[in-house]
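Work through the exercises below with the model open beside you. Try each task before reading its solution.

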Amino acid sequence: MGRITARRRVTRIRRDADTTQRADTLAVEEPLEMRVGGQPLAVTMRTPGNDFELVAGYLVSEGVITRGADYTTARYCAGTDSTGANTYNVVDVSLAAHVPPAVLERRGARARRRTARRSGRRLVARVRGHRGDRTLRRAHARGARQRRSGDLDPRRLRTFSSRPQTDRRLRSSDVGRITARRRVTRIRRDADTTQRADTLAVEEPLEMRVGGQPLAVTMRTPGNDFELVAGYLVSEGVITRGADYTTARYCAGTDSTGANTYNVVDVSLAAHVPPPEPALVRRNATTSACGVCGKDSIDSVHTASIYEPETDPLMVDVDTLLDLPDRLRAEQNVFDKTGGLHAAGLFAADGTPLVIREDVGRHNAVDKVVGWAVLADRLPLRGTVLQVSGRASFELVQKAAMAGIPMLSAVSAPSSLAADLAEDLGITLIGFSRGESMVVYSRPDRIRMPITAG
């Protein structure tokens, strides 16, 4: 049902060494269209395999279902390549009769606005229409990436828009800090536990509007917001040149003190540019990791969970936690070949691996883990630890909460919003877990330290 790796001829260049050509192994990335009851819900770019788990986990993270009993059947359908063979890139699921239609309509309406970060509008259209062959789909994906790489020269933006110049003159304190300080607990093997201030990357929502109408919300680090919005409009095919983009301004969005949060940007397009199509608003997708995608207002970014991870009595030995990254890495079989996949693993309190999944998107890997639990009817996942191979963002904390997971451990750094959300939800959040040390950002009381003599 789709290869997870592919061989390709490549050129390898080394400093002070001969250039060589050889076959290499790459991770396969293909679109997966998710449907519920025959109706399109979302499209995501993923590594083929465990697709039913991915869809089930996605439905959990969107609040459409909360347990295995809500999920009845799943099947591959439609979607053929140029030879007429099934591409296994379309999954249709059926929900149980007791799932209220209002839940699907409310959550599904938001979910339908989500698509893969790397898919342009033409790619989505082809996937949904099942007309294009694989070569065309790859070409469209490459085109979307090229547009995002910077078609709009900053000098052209300054020429064709007056407001973007203001963005460059605003002080960092005016538009939100790029970093934030936070008190953390640092635990080292065979060393004293210390508490100190640490620096985190700030993550805040940016609502993008065109002509006063909401277009998308993306999670980002504040700064160069006007350039970000312009680049987004290019990647979505709304504008193609600097002359299409006239002005941009910060608007609305105030904090508890009444100060502007600089988290809402409204742009005006030139008179000859038609406004974004409604379909684009429903399908847009862009986040720091393509997880919290396609929301049409800042208030809709957070999805409430019916589970309460803060009440989970989980306790884990510090040595067990420090060993989890190596246990996860040992099971990353495709990463060994490609070096291009994220991984997520669910572990019991004693370190026993329950399930480990890999994917090109870390949000997909987590959805597969949660989907595994859905199909096994194991939600909520109380008493477990979610270990991920990359960083911990807002979306991953939210996905953990939606599945009732009380502890999230990451090899790399969390964002400030991830730490804030974890603290609010009572989730233990760990970062920089790399074998000999780790940093705990919330609920360190769940970590059992060794008893020392004396």
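Buried means under 20% relative accessible area, exposed means over 50%, and partly exposed lies in between. By that rule, both tyrosine 250 and tyrosine 262 are buried. Keep in mind that this is a predicted model.

**Exercise 1. Strand 6 and its neighbours**

Task: Find which strands pair with strand 6, and state the sense of each pairing.

Solution:
- Step 1. Take strand 3, residues 30–36. Strand 3 and strand 6 pair in the parallel sense, over four bridges.
- Step 2. Pick a bridge on that side. Methionine 34 has valine 91 in strand 6 as its bridge partner.
- Step 3. Now take strand 5, residues 71–76. Its pairing with strand 6 is antiparallel and runs over five bridges.
- Step 4. Pick a bridge here too. Tyrosine 71 is partnered with leucine 95 of strand 6.
- Step 5. Check burial. Strand 6 covers residues 90–95, and five of its six residues are buried, so the rest of the structure largely encloses it.

**Exercise 2. Aromatic pairs**

Task: Classify the ring pair of phenylalanine 52 and tyrosine 76, then that of tyrosine 250 and tyrosine 262.

Solution:
- Step 1. Count first. The whole structure has four aromatic pairs.
- Step 2. Recall the cut-offs. Planes under 30 degrees apart count as stacked, over 60 as edge-to-face, and the rest as tilted.
- Step 3. Apply them to phenylalanine 52 and tyrosine 76. The centres are 5.0 Å apart and the planes are at 35°, so the pair is tilted.
- Step 4. Locate the partners. Phenylalanine 52 is in helix 1 (residues 51–61) and tyrosine 76 is in strand 5, so the pair ties together parts 24 residues apart in sequence.
- Step 5. Compare accessibility. Phenylalanine 52 is partly exposed at 27%, whereas tyrosine 76 is buried at 17%.
- Step 6. Turn to tyrosine 250 and tyrosine 262. With 4.9 Å between centres and 90° between planes, this pair is edge-to-face. Tyrosine 250 sits in strand 11 (residues 245–250), and tyrosine 262 in the loop between strand 11 and strand 12, twelve residues apart.
- Step 7. Look for a cluster. Ring pairs link Phe52, Tyr76 and Tyr88.

**Exercise 3. A four-stranded sheet**

Task: Give the strand order of the open sheet with mixed pairing, and name its edge strands.

Solution:
- Step 1. Read the order: 10-9-12-11.
- Step 2. Find the edges. Strand 10 (213–220) and strand 11 each pair on one side only.
- Step 3. Note the twist. It averages 25° from one strand to the next.
- Step 4. Inspect one pairing. Strand 9 (residues 204–210) and strand 10 run antiparallel and are joined by seven bridges. Glutamate 207 stands opposite valine 217 of strand 10.

**Exercise 4. Nonpolar cores**

Task: Which residues touch the most other members of the largest nonpolar core?

Solution:
- Step 1. Start from the general rule. In soluble globular proteins, nonpolar side chains tend to be buried together.
- Step 2. Name the residues. In the largest core, of 56 residues, they are Leu59 and Leu429.
- Step 3. Follow leucine 429. Beyond its neighbours within four places in sequence, its contacts include Val397, Leu408, Pro414, Val439 and Tyr441.
- Step 4. Look for another core. A second, separate one has 22 residues, among them Leu215, Ala216, Tyr245 and Val265.

**Exercise 5. Unusual backbone**

Task: Which peptide bond is cis at proline 380, and what sign has phi at asparagine 50 and phenylalanine 432?

Solution:
- Step 1. The bond from leucine 379 to proline 380 is cis, with omega near -5°. Proline 380 is in the loop between helix 12 and strand 16.
- Step 2. Asparagine 50 has a positive phi, near 55°. It lies in the loop between strand 4 and helix 1.
- Step 3. Phenylalanine 432 also has a positive phi, about 55°. Its loop joins strand 18 and strand 19.

**Exercise 6. Salt bridges**

Task: Find the salt-bridge partner of glutamate 436, and say where each partner lies.

Solution:
- Step 1. The structure holds 15 salt bridges.
- Step 2. The partner is arginine 189, with the closest N and O atoms 3.6 Å apart.
- Step 3. Glutamate 436 is in the loop between strand 18 and strand 19, and arginine 189 in the loop between strand 7 and strand 8, so the pair ties together parts 247 residues apart in sequence.
- Step 4. Contrast arginine 443 and aspartate 445, which meet at 2.9 Å, N to O. Arginine 443 is partly exposed at 25%, and aspartate 445 is partly exposed at 44%.
- Step 5. Trace the network. Salt bridges with shared partners join Arg189, Asp319, Asp323 and Glu436.

How values were computed. Residues numbered from 1 in each chain as written. Predicted model: local features only at pLDDT ≥ 70, side-chain atom pairs only at ≥ 80, totals over all residues. Heavy atoms only, no water. Buried < 20%, exposed > 50% of the residue type's maximum accessible area, 1.4 Å probe, protein only. Helix = DSSP H or I, 4+ residues; strand = E, 2+ residues; numbered from the N terminus. Pairing = 2+ DSSP bridges. Phe/Tyr/Trp six-rings, centres within 6.5 Å; stacked < 30°, edge-to-face > 60°. Axes fitted to C-alpha atoms, helices over the stretch in contact; angles between N-to-C directions. Core = buried A, V, L, I, M, F, W, Y, C linked by side-chain atoms within 4.5 Å. Contact = heavy atoms within 4.5 Å. Salt bridge = Lys/Arg side-chain N within 4 Å of Asp/Glu carboxyl O.
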